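Got the viewer open? Here's a short tour that goes from one selection to the next, with a note on what to look for at each stop.

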Amino acid sequence: MENENKDALSSEKSPKNQPLQLLQHNDAKFIACDLRSRDLVKCRSCLTPFCEKPIKVYHNSRNYLACSIKRSLSENSTRSLPTNGTLKPNKKLSKSLRHWYDYQGCASLCKTSKKVIKGIRLSVLIEHNKYRKLHGAGPLKMDYQLSIYAQEWADHLAEQNLLETRPHPIYGENIMCVRRSLFNVEQIIKLWYQEKYNYDYLKPGFDLYTGHFTQIVWWETEFLGVGVASNDTRICIVCNYNPPGNINGHFQKNVLPRKLLIESNMELPPSQDIKT
């Protein structure tokens, strides 16, 4: 505790729920977020008002995500750690993301981050089930552990600014990274689903141009996991599916065409042959 007090730049103790702290490391001053007590997404969100590209700092046996403080700022500057300030929403962001940035103080933002991600996950689930119903597939259920698995890869994509699938996935997977200003859950899932126009029911099978669609409507899939992460420019969504879809030799009984759904409540067994 003594070492931490010496490193602190402010003589007043921060509230227990305050996500940020001032620290001095290697003759440099930082506004930092402890990665041990908060995940990367929360810390990145809390540091948004202070810098565009926070860096990782290892200090006192802890990992922090931090923004460097300019020398011109005084140690007691009110610009360092706002407690009641309001950050205006970015007008370039889609409406679905503006509440990430419209907040009273950084602490409240970090508290609501989980709620925001939960809302996005729910929207992804609803959109999936909307399209699955059109193809006679049962509704998916959100799986907590599967979402943790998806979140790990979403964090990786955002951190490395990449768009790529896992090298050796054990579940079905759909991914998408879009510019912040274009982020819209409905449009993302719709874009995947519109691959249906490239799918040939007379020659059922996997294709790079239809794989998102076939995984969405795959009859035997029961559970969905969703990960969401962002960096300075993009937001990434990772969807994982269990049991996985796109299994060779099983397309005919798992990817059902819409025209066979004579009744809205009709449900076809997975073993039924499809004739087109």
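Start by selecting Gln 151, which sits in helix H5. Keep in mind that this is a predicted model. Is Gln 151 buried or exposed? Its relative accessible area is 13%, and buried means under 20%, so Gln 151 counts as buried. Now show its contacts, skipping the neighbours within four places in sequence: you should get Val 41, Arg 121, Val 226, Gly 227, Val 228 and Ala 229.

**The sheet under H5**

Next, select the whole of helix H5, residues 144–160. H5 packs on a sheet, where it touches S7, S8, S9 and S10, and its direction makes about 30° with that of S9. Colour those strands and you'll see an open sheet of four, in the order S7-S9-S10-S8, with mixed pairing. Which strands are at the edges? They're strand S7 (141–142) and strand S8 (172–179), and each pairs on one side only.

Zoom in on strand S9, residues 223–230. S9 is mostly covered, with seven of its eight residues buried. Towards S7 the pairing is parallel, over two bridges, and Met 142 has Leu 224 in S9 as its bridge partner. Towards strand S10 (residues 234–242) the pairing is antiparallel, over eight bridges. Two pairs worth labelling here are Phe 223, which stands opposite Asn 242 in S10, and Ala 229, whose bridge partner in S10 is Cys 236. Ala 229 is also one of the contacts of Gln 151 from the opening stop. To see how S9 and S10 connect, follow the backbone through their hairpin, which has three residues between the strands.

Add H6 to the view. This helix lies across S8 and S10, and it runs at about 130° to S8.

**Around H7: a covered Trp and an exposed Leu**

From H6, which spans 185–193, trace the loop that leads to helix H7 (211–216); Leu 208 is found in that loop. Leu 208 counts as exposed because its relative accessibility is 69%. Turn on the surface and select Phe 206, Leu 208 and Tyr 209 together: these make a nonpolar surface patch of about 410 Å².

Carry on past H7 into the loop that goes to S9, and pick out Trp 219. Trp 219 has 17% relative accessibility, so it counts as buried. Now put a distance label between the C-alpha atoms of Trp 219 and His 135: the separation is 8.4 Å, although the two residues are 84 apart along the chain.

**The other four-stranded sheet**

Jump back along the chain and select S1, S2, S3 and S4. They form an open sheet in the order S1-S2-S4-S3, with antiparallel pairing. Strand S1 (20–25) and strand S3 (55–59) are the edge strands; each has a single partner strand, so one side of each has no neighbour in the sheet. From one strand to the next, the twist averages 50°.

Strand S2, residues 28–34, is joined to S1 by six bridges. Label Leu 23 and Phe 30 for one bridge pair, then Gln 21 and Ala 32 for another. What is there to see in the hairpin of S1 and S2? It has two residues between the strands, and Asn 26 takes a positive phi near 50°.

On to the pairing of S2 with strand S4 (residues 62–68), which is antiparallel over five bridges. Asp 34 stands opposite Tyr 64 in S4. Switch to a surface view of S2 as a whole: five of its seven residues are buried, so S2 is largely enclosed by the rest of the structure.

**Zoom out**

Finally, reset the view and take in the full chain. The protein has eight helices and ten strands. Of its 276 residues, 43% count as buried. The accessible surface comes to about 16300 Å², and 50% of that belongs to carbon and sulfur atoms. If you draw a contact map, consider the contacts between residues at least 6 apart in sequence: 64% of them join residues at least 24 apart.

Note on methods: Residues numbered from 1 in each chain as written. Predicted model: local features only at pLDDT ≥ 70, side-chain atom pairs only at ≥ 80, totals over all residues. Heavy atoms only, no water. Patch = residues over 30% accessible without salt bridge, like charges linked within 9 Å, V, L, I, M, F, W, Y side chains within 5 Å. Areas by Shrake-Rupley, 256 points an atom, 1.4 Å probe, with all protein chains shown as cover. Salt bridge = Lys/Arg side-chain N within 4 Å of Asp/Glu carboxyl O. Buried < 20%, exposed > 50% of the residue type's maximum accessible area, 1.4 Å probe, protein only. Pairing = 2+ DSSP bridges. Axes fitted to C-alpha atoms, helices over the stretch in contact; angles between N-to-C directions. Contact = heavy atoms within 4.5 Å.
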